Amino acid sequence: MGSRWGDTVILAAMPEGHTIHRLAQDLVATLGSAPGAATVQATSPQGRFADGASLLDGDRLISAEAFGKYLFCHFGGALLHVHLGLIGKFRPNPPDVPGGDTVRLRLENDRIAWHLTGPARCELVTPDEASAIVAGLGADPLRPRTRPTSLHRLLARTAKPIGATLLDQQVVAGIGNVYRAEILFLRGIHPERPSSSLSADEIDGIWSEAKRLLRRGVRLNRIVTTSPAEIGRPLARIDGDDRLYVYHRTNCRRCGSELGTLEIGGRPIQFCPSCQPA
DNA sequence: CCATCATGGATAT
DNA sequence: TATCCCTGATGGC
């Protein structure tokens, strides 16, 4: 269930790039400081980020930004880096909800309390350390004015399957296991195709599809890749089994064919043998 | 109650 | 390639 914040229901979103970009927006909107606005109280109910939290306590959140799945929160006097990993969550609560013993970091003002649980990373970093993290990432389709130039170059250079390179954050940042499967489905590309065999048009297609789907993910705060026309319902009302074409399904949502499953890039991917011929 | 699994990634071998 | 790390929903007993 989502928690309610104003008119917006904020769902417990799943951590691919859209989740992190949406978090950056929501954190600034709810905790961010207009000049003279209230400061943030920071604690670590779990205790594992006690030093960092005490350093942030009483500071102001100036801005927050996402690069792929990496989140950076710029406070007045410190820079917080958060990576949710597979199971991490950063959830909004009413301010009277206390943090439980799994809450690594609690950021609170008079209106809201954000609870960070299960992060792969929660640390204070220097600007140089943050730059080094960002420098190691491929192009992020959710970043403004970003072009797929490096994507073309990196794919041309490797015969590794496209299903593997799309998961590699050094090649393209923000795509995870769900979007990988859905993007390749929508572009009709078999996941085992060697990256270097893709045409320029196919790479541009992957890029624009990623941009479209991830942007939609930010807007909805969840992953929906099916089209309203195909499902026969408005986007906001597409849910459950109808949200995806192939990921974690046994049959193709479009043509009904039995899906294949392969382990590529160390993780399982479903594909439609009919819609994505080899 | 317990085991399993998940939309991720760093680190060891 | 294998192992480990975090949490919590789920399903089997």
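This passage walks through a predicted model of a protein with DNA, going from the nonpolar cores to the DNA surface and then to a few unusual loop residues.

The inside of the protein makes a good starting point. In soluble globular proteins, nonpolar side chains tend to be buried together. In this model the largest nonpolar core has 37 residues, and the ones touching the most other members are Ile162, Ile175 and Ile206. Four helices each put at least two residues into this core: H4 (149-156), H5 (162-165), H6 (177-186) and H7 (200-220). There is also a second, separate core of 27 residues, with Leu23, Val40, Cys73 and Phe75 among its members.

Ile175 gives a feel for how busy the larger core gets. Setting aside neighbours within four places in sequence, Ile175 is in contact with Glu16, Lys69, Leu166, Leu167, Gln169, Arg180, Ile183, Ala210 and Leu214. One of those partners, Gln169, sits in the loop between H5 and H6. Gln169 has a relative accessibility of 14%, so it counts as buried. A polar atom of the Gln169 side chain lies 2.9 Å from the backbone nitrogen of Gly174. Again leaving out neighbours within four places in sequence, the contacts of Gln169 are Lys69, Gly136, Leu137, Gly138, Gly174 and Ile175. Lys69 therefore turns up in the contact lists of both Ile175 and Gln169, where contact means heavy atoms within 4.5 Å.

Helix H6 deserves a closer look. How many of the residues in H6 are buried? The count is 10 of 10, so the helix is mostly covered. The buried residues are Asn177, Val178, Tyr179, Arg180, Ala181, Glu182, Ile183, Leu184, Phe185 and Leu186. The list takes in charged residues, Arg180 and Glu182, along with nonpolar ones such as Val178 and Leu184. What covers these buried residues? The cover includes helices H1, H5 and H7, plus strand E11 (260-264) and strand E12 (267-271). Just after H6 comes Gly188, which takes a positive phi of about 65 degrees.

Over in the second core, Leu23 is a handy example. Leu23 belongs to helix H1 (residues 17-31), and its relative accessibility of 6% is why it counts as buried. Apart from neighbours within four places in sequence, Leu23 is in contact with Leu71, Leu84, Phe90 and Trp114. The fold also brings Leu23 and Ala66 to 8.3 Å apart in space, C-alpha to C-alpha, although 43 residues separate them in sequence.

Cys73, another member of that second core, leads to the topic of disulfides. A disulfide is a covalent bond between the sulfur atoms of two cysteines. How many disulfides does a search of the whole structure find? The search turns up 0. For Cys73, the nearest cysteine sulfur belongs to Cys122 and is 9.2 Å away. Cys252 is also in no disulfide, with the sulfur of Cys255 as its nearest, 3.9 Å away. That distance does not make a disulfide because the two sulfur atoms would have to be within 2.5 Å. Both Cys73 and Cys252 are buried, at 1% relative accessibility for Cys73 and 4% for Cys252.

Next comes the DNA. Which residues are found around DNA strand C? They are Gln46, Arg48, Ile87, Arg91, Thr102, Thr117 and Gly118. Sorted by type, this surface has 1 nonpolar, 4 polar and 2 charged residues. Of the atoms of DNA strand C that come within 4 Å of the protein, 54% belong to sugar and phosphate. Some side chains have polar atoms beside phosphate oxygens of the strand: the distance is 2.8 Å for Arg48, 3.1 Å for Arg91 and 3.4 Å for Thr102.

Finally, two loop residues have a backbone quirk. Arg145, with phi near 55 degrees, and Asn221, with phi near 60 degrees, both show positive values despite not being glycine. Arg145 lies between helix H3 (127-135) and H4, while Asn221 is in the loop between H7 and helix H8 (228-231). Are these residues buried or exposed? Arg145 counts as exposed because its relative accessibility is 79%, whereas Asn221 is buried, with a relative accessible area of 3%.

Definitions and conventions
Residues are numbered from 1 along each chain as its sequence is written. Chains are lettered from A and ligands numbered from 1 in the order in which they are written. This is a predicted model: local features need pLDDT of at least 70, side-chain atom pairs count only at pLDDT 80 or more; totals for chains, interfaces and linings use all residues. Side-chain values use heavy atoms; hydrogens and water are left out. Buried means under 20% relative accessible area, exposed over 50%, partly exposed in between (1.4 Å probe, protein chains only). A nonpolar core is a set of buried Ala, Val, Leu, Ile, Met, Phe, Trp, Tyr and Cys residues joined through side-chain atoms within 4.5 Å. A residue is near a molecule or strand if one of its heavy atoms lies within 4 Å of it. A polar contact is a pair of N or O atoms within 3.5 Å; within protein, one must be able to donate a hydrogen and the other to accept it, and residues adjacent in sequence count only if both atoms are side-chain atoms.
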